[in-house]
Amino acid sequence: MERTLIIVKPDGVQRGLTGEIIARFERRGLRIIGMKFMQVSRELAEKHYAIHQGKGFYEGLVSYITSSPVVVIALEGTNAIQNARNTIGATRPHEAAPGSIRGDFALEVGRNLVHGSDSPENGVIEVGNFFADSELVSWARNNDSWIFEK
Ligand code: DAT
Ligand code: MG
């Protein structure tokens with residue numbers, strides 16, 4: 001089963017959209033295996049966004065994600081990466097479909113509310129960067145068989 005790291009970014013928390021955003025993934029059927037409220041350090045932000053180092057928006061991205069607390073959520077489920085990214089919507093909110101989180105609540109790429117991992121490999125790596133093994137819970141939901149066919 002794939003894993004994805006979701007971050008309700010500082011704007012999502014500050015705007016009181018944390019519950020709204022989590023609810024969308026929860027209703028989608030993705031299973032929560034870890035969740036916490038935290039302040040992202042500069043060090044962790046640089047690790048998380050290492051792939052964007054050197055790009056023009058990198059400094060703004062690191063200062064945005066470290067500017068105020070976030071909520072991080074580890075989710076698992078069938079095709080968790082792509083299913084979650086569709087729920088999030090396109091990176092640039094003016095390209096995000098209505099009904100997606102960014103399409104419903106965001107206007108600008110630098111205030112796009114939520115992060116989701118972009119590949120199964122990165123999902124595992126990013127969950128590991130933000131959560132200790134002891135913070136992740138392996139559990140069976142009693143409605144799993146109504147969401148997961150196998
Ligand atoms: P996503 O968050 O949809 O996975 P990404 O990984 O390409 O997008 O980029 C990470 C974040 O960096 C993105 O959420 C917002 C910011 N970003 C990306 N491209 C940008 C751009 N051209 N200008 C400003 N910020 C950008
Ligand atoms: Mg990305």
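This briefing covers a pocket, a ligand and two residues of the structure above. The model is predicted. Its largest pocket holds about 690 Å³ of space. Ligand 1 has Lys 9, Thr 91 and Asn 112 among the residues around it. Asn 112 also touches Asp 11.

**The largest pocket**

- Rolling a probe the size of a water molecule over the atoms shows where empty space is left.
- In the largest pocket, that space comes to about 690 Å³.
- The pocket is lined by 29 residues, and those closest to its centre are Lys 9, Tyr 49, His 52, Leu 61 and His 115.
- Four helices and one strand each give at least two residues to the lining: H3 (42-48), H4 (58-65), H5 (80-88), H7 (120-130) and strand E4 (114-116).
- Helix H7 gives the largest share, with 4 residues.
- By type, the lining has 11 nonpolar, 11 polar and 7 charged residues.

**Around ligand 1**

- Which residues surround ligand 1? They are Lys 9, His 52, Phe 57, Leu 61, Arg 85, Thr 91, Arg 102, Val 109 and Asn 112.
- Thr 91 places a polar side-chain atom 2.5 Å from an oxygen atom of the ligand.
- Asn 112 does so at 2.8 Å, again from a polar side-chain atom to a ligand oxygen.
- For Lys 9, a side-chain N or O atom is 3.2 Å from an oxygen atom of ligand 1.

**Asn 112**

- Asn 112 sits in the loop between helix H6 (101-105) and strand E4.
- Is Asn 112 buried or exposed? It is buried, because its relative accessible area is 3%, and the cut-off for buried is under 20%.
- Beyond residues up to four places away in sequence, Asn 112 touches Lys 9, Asp 11, Tyr 64, Thr 91, Pro 93, Arg 102 and Ala 106.
- Among these contacts, Lys 9, Thr 91 and Arg 102 are also listed around ligand 1.

**Asp 11**

- Asp 11 belongs to helix H1 (residues 10-14).
- With a relative accessible area of 9%, Asp 11 is buried too.
- Where does the chain come back to Asp 11? Gly 110 is 99 residues apart from Asp 11 along the chain, yet their C-alpha atoms are separated by 9.8 Å.
- Setting aside neighbours within four places in sequence, Asp 11 is in contact with Tyr 64, Arg 111, Asn 112 and Leu 113.
- Leu 113 also has its backbone nitrogen 3.2 Å from a polar side-chain atom of Asp 11.
- Tyr 64 appears in the contacts of Asp 11 and in those of Asn 112.

Terms used: Residues are numbered from 1 along each chain as its sequence is written. Chains are lettered from A and ligands numbered from 1 in the order in which they are written. This is a predicted model: local features need pLDDT of at least 70, side-chain atom pairs count only at pLDDT 80 or more; totals for chains, interfaces and linings use all residues. Side-chain values use heavy atoms; hydrogens and water are left out. On a 1 Å grid over the protein atoms alone, a cavity is a set of points where a 1.4 Å probe fits but cannot get out, and a pocket is an open set with protein on both sides within 12 Å along at least five of seven lines; lining residues have an atom within 4 Å of a point. Grid points are joined across faces, edges and corners, and a volume is the space filled by probe spheres set on the points. Ala, Val, Leu, Ile, Met, Phe, Trp, Tyr, Cys and Pro count as nonpolar, Asp, Glu, Lys and Arg as charged, and the others, Gly among them, as polar. Buried means under 20% relative accessible area, exposed over 50%, partly exposed in between (1.4 Å probe, protein chains only). Contact means heavy atoms within 4.5 Å. A residue is near a molecule or strand if one of its heavy atoms lies within 4 Å of it. A polar contact is a pair of N or O atoms within 3.5 Å; within protein, one must be able to donate a hydrogen and the other to accept it, and residues adjacent in sequence count only if both atoms are side-chain atoms.
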